[in-house]
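This report examines selected features of one protein structure. Please consult the sequence and the model while reading.

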Amino acid sequence: MDSLASLPPPAAPLTEAALCRWLGAAAPGDAITYFRGALARSLCPQLDLLDANQRVALARLAQRAWTLAEAGLAHLVQRRYGFEDFEYLLIARPRPRRAVTNLLPRILAAAA
Amino acid sequence: MPAAAHALTFDDLDRLRPILRREARRMMRIARLPAQEREDVEQDMLLDLLARLPGFDPARGTLEAFATVCFRHRGIRLAERLRRERQRHHLTAFDEVVSQDRDPEGRLTLAEVLPEADGLLAWWGQPWDAAAAVERRLDLNRAAAALDSRDHPLCAALSAASAQEAVRAGTLSRASFYRRLGEMRLRLLAAGIASAA
């Protein structure tokens, strides 16, 4: 039997900031798994599958992934492995060349 | 050399008046002068003609042709002088629109098209790097595009004051302010501008 020292350290759970940082550095087509399991079940407080802090963190992460997809920065994809076993993927999209024109002068005008 | 100096009579002046008016109008159109300047321009041209009249030789051409050339040359010199004066006292604003794009969002202002080499830093002898300035401008535009329009006043406030001062001076509650700040950081991270976040 392996000793505790020989086991790989558990991966730190993905956070909102880590997800955004990854997307900022990702090339189009790069994918990251932000959750594995059944997201809706895990977020349900009545089922109590996760403790409150973990549930809130997961809800924030899922909401952030949704926001990024709505902003056109990423695709959201699920891959099914079995019953209530899904891999939730976020795939980076090509960035628009220039999403909004001439915003900077307006910010500077507001600062003046 | 002309045989004798030619003196202008009233009849000559009557004949020259339409030419004078035509050339003055031409010069004013070129120099984009207002209509009230016409009399001054005409006087200036006429004075120039009087000064050059000793050089007029009736054997080489008519008085009208001579006057036309004199008026036209004087007009060109006047327009050039005016152009130089305008350059010296350039009464324009940085927010003056210089590109006539139909879309108001796509219009460029003078501040946006002014090269860094003509900026105040270069003018005052401060060091400036054109490539770095362009990169900074692109980064700022990218960051501005990544942010929500609701956050623009917040950015403006933070550019002039610290977060605590902005909270005190602003209309947002402390919790809302820091929530918006966190949201801005995440948006900048997602846009690939980790250094700004």
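A search of the whole structure, which is a predicted model, finds 1 cavity of 30 Å³ or more. The largest cavity has a volume of about 40 Å³. Its lining consists of B:Leu13, B:Leu16, B:Arg17, B:Leu20 and B:Leu46. Helix H1 of chain B, which spans residues 10-31, supplies the largest share of this lining, namely 4 residues. By class, the lining of the largest cavity has 4 nonpolar residues, no polar residues and 1 charged residue.

Helix H1 of chain B also contains B:Glu23. Is B:Glu23 buried or exposed? B:Glu23 has a relative accessibility of 2% and therefore counts as buried, since buried means under 20%. Leaving aside residues up to four places away in sequence, B:Glu23 touches B:Met45, B:Thr68, B:Phe71 and B:Arg72.

A further feature involves both chains. The axes of helix H1 of chain A (residues 16-25) and helix H9 of chain B (residues 174-190) come within 6 Å and cross at roughly 30°. Because angles under 35 degrees count as roughly parallel, H1(A) is roughly parallel to H9(B). The residues that make this contact are listed below.

| Helix | Residue range | Residues in the contact |
|---|---|---|
| H1(A) | residues 16-25 | A:Glu16, A:Ala17, A:Cys20, A:Arg21, A:Leu23 and A:Gly24 |
| H9(B) | residues 174-190 | B:Leu186, B:Leu189 and B:Ala190 |

By class, the contact of H1(A) with H9(B) has 6 nonpolar, 1 polar and 2 charged residues.

Methods. Residues numbered from 1 in each chain as written. Chains lettered and ligands numbered in written order. Predicted model: local features only at pLDDT ≥ 70, side-chain atom pairs only at ≥ 80, totals over all residues. Heavy atoms only, no water. Axes fitted to C-alpha atoms, helices over the stretch in contact; angles between N-to-C directions. Helix = DSSP H or I, 4+ residues; strand = E, 2+ residues; numbered from the N terminus. Parallel < 35°, antiparallel > 145°, perpendicular 65-115°, else oblique. Contact = heavy atoms within 4.5 Å. Nonpolar A, V, L, I, M, F, W, Y, C, P; charged D, E, K, R; others polar. 1 Å grid on protein atoms, 1.4 Å probe; cavity = no way out; pocket = protein on both sides within 12 Å on 5 of 7 lines; lining within 4 Å. Points joined across faces, edges and corners; volume = space filled by probe spheres on them. Buried < 20%, exposed > 50% of the residue type's maximum accessible area, 1.4 Å probe, protein only.
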